[in-house]
Amino acid sequence: MKKGVSFLVAVTLIELASFLASAFDPSPLQDICVGINDPKNAVFVNGEFCKDPSLTVAEDFFYQGLKNPGDTQNLVGSNVTFVTVGQFPGLNTLGISIVRIDYVPYGVNPPHIHPRAAEIFTVLEGTLLVGFVTSNPEHRFFSKALNKGDVFAFPLGLMHFQYNIGHTNAVDIAALSSQSPGVITIANTTFGSNPPINPDILAKAFQLDKKVVQYLQARFQ
C-alpha cells in the first residue's frame, strides 16, 4: 500500500513540475531562432517564425532606442518603452525582454500585472517609491523608496507600481523573464474594457456608488 501511495505522489509531483514548466516561455529548441515575419524557408518556434540560421547576422541581436526618453505628457506622467520580441526579433526563444520607464515629477507607472513574467529593475535617475501586493488572502504589501543605482524585483503575476516621489524626472530600466511578458493595467482593464463591464458588478466589487463607477468608465473609455 505504501509503495502504491509513494508511486502516486511521485507521479503527481512530476505532473505538477511539468505543468509549472509549461507555464513559462518554452525552452529554446536550438541555439538561435530570430523572429521573422516571412514564413518562407522558416520554422515556427515559440510563437514566431524563425529566420534561417545561416542568414542570421549580428544586427539581428542588436537594438537601438532605449537612449531616447519616452513621451511623458499624459495623465499619469510616465511612459514605458517596451523592447519585447515584437520590437526586437532576436529575443525570440530567449525568454527575456527589457523596458525603459520615464517619469515626470510625481509621475506614476500605475498598478499593473505582467501575467507571464517576473521583473527586476534598477533606477538610473531620480527617486522612486515602488511596491507590490501578494495574492489572496494575505494581500501583503511590500514597498520601498529607491534611489539611483538601487535594484528591486517584482514576483511573477503580482500587482505592482512605480511612483516618482522626487522633484526631478526619473528613469529606470527593467528586465523581464519573458520575451512577451504582457501587461494588464488594473484601472484601464477594469474601467476601460470593451464592451464595458456592467457597472452594477463593479459597484458591488469596489463598494462604490454606481454613478462613481459610470464616471470612471467614461474616463477610461
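This report describes the fold, cores, largest pocket and selected loop residues of one protein chain.

## Overall make-up

The structure is a predicted model. The chain contains 4 helices and 13 strands. It has 221 residues, and 32% of them count as buried.

Contacts between distant parts of the sequence make up much of the picture: among contacts with a separation of 6 or more, 68% are between residues 24 or more positions apart. The accessible surface of the chain is about 13,600 Å², and carbon and sulfur atoms account for 62% of that area.

## The nonpolar cores

In soluble globular proteins, nonpolar side chains tend to be buried together. In this chain the largest nonpolar core is made of 16 residues. Phe121, Leu128, Val130, Leu146, Phe152 and Phe154 have the most contacts inside it. Two or more residues of this core come from each of strand E5 (97-103), strand E7 (119-125), strand E8 (128-133), strand E10 (151-154) and strand E12 (170-176). Another core, of 5 residues, lies apart from the largest one, and its members include Val83, Phe88, Leu91 and Ile173.

Leu128 shows how one core residue meets distant parts of the chain. With neighbours within four places in sequence left aside, Leu128 touches Tyr103, Phe121 and Val123. Its contacts also include Lys144, Ala145 and Leu146, as well as Tyr163, Asn164 and Ile165. Ala170 and Asp172 complete the list.

## The largest pocket

The largest pocket holds about 410 Å³ of space. Its lining consists of 19 residues, and those nearest the pocket centre are Val76, Asn109, Pro110, Thr185 and Asn188. By class, 11 of the lining residues are nonpolar, 6 are polar and 2 are charged.

Both strands and helices take part in the lining. Strand E4 (78-83), E5, strand E6 (108-113), helix H2 (186-191) and helix H4 (210-220) each give two or more residues to it. The element that gives the most is E6, with 3 residues. E5 thus appears in two places, as it also gives two or more residues to the largest nonpolar core.

## Loops between strands E4 and E6

Thr84 sits in the loop between E4 and E5. Thr84 counts as buried because its relative accessible area is 12%, under the 20% limit. Beyond its neighbours within four places in sequence, Thr84 is in contact with Leu91, Ser97, Gln179 and Pro181. Of these, Leu91 is also listed in the core of 5 residues.

Tyr106 belongs to the next loop considered here, between E5 and E6. Its phi is near 65°, a positive value in a residue other than glycine. With a relative accessibility of 43%, Tyr106 is partly exposed.

## Loops between strands E7 and E9

Gly126 is located in the loop between E7 and E8. Its C-alpha atom is separated by 6.2 Å from that of Asn169, although the two residues are 43 residues apart along the chain. Apart from neighbours within four places in sequence, Gly126 has contacts with Leu146, Asn147 and Lys148, and also with Asn169 and Ala170. Leu146 and Ala170 are also among the contacts of Leu128.

The loop between E8 and strand E9 (141-146) contains Pro137. A cis peptide bond links Asn136 to Pro137, with omega at about 0°. His139 is found in the loop between E8 and E9 too. The phi of His139 is near 55°, which is positive in a residue other than glycine. His139 is partly exposed, and its relative accessible area is 47%.

## The loop between helices H2 and H3

Pro195 lies in the loop between H2 and helix H3 (199-206). The peptide bond from Asn194 to Pro195 is cis, with omega near 0°. Is Pro195 buried or exposed? Its relative accessibility is 61%, so Pro195 counts as exposed, the limit for that class being over 50%.

Pro195 and Gln221 are 26 residues apart along the chain, and their C-alpha atoms are separated by 9.3 Å.

Notes: Residues numbered from 1 in each chain as written. Predicted model: local features only at pLDDT ≥ 70, side-chain atom pairs only at ≥ 80, totals over all residues. Heavy atoms only, no water. Core = buried A, V, L, I, M, F, W, Y, C linked by side-chain atoms within 4.5 Å. Buried < 20%, exposed > 50% of the residue type's maximum accessible area, 1.4 Å probe, protein only. Contact = heavy atoms within 4.5 Å. Areas by Shrake-Rupley, 256 points an atom, 1.4 Å probe, with all protein chains shown as cover. 1 Å grid on protein atoms, 1.4 Å probe; cavity = no way out; pocket = protein on both sides within 12 Å on 5 of 7 lines; lining within 4 Å. Points joined across faces, edges and corners; volume = space filled by probe spheres on them. Nonpolar A, V, L, I, M, F, W, Y, C, P; charged D, E, K, R; others polar.
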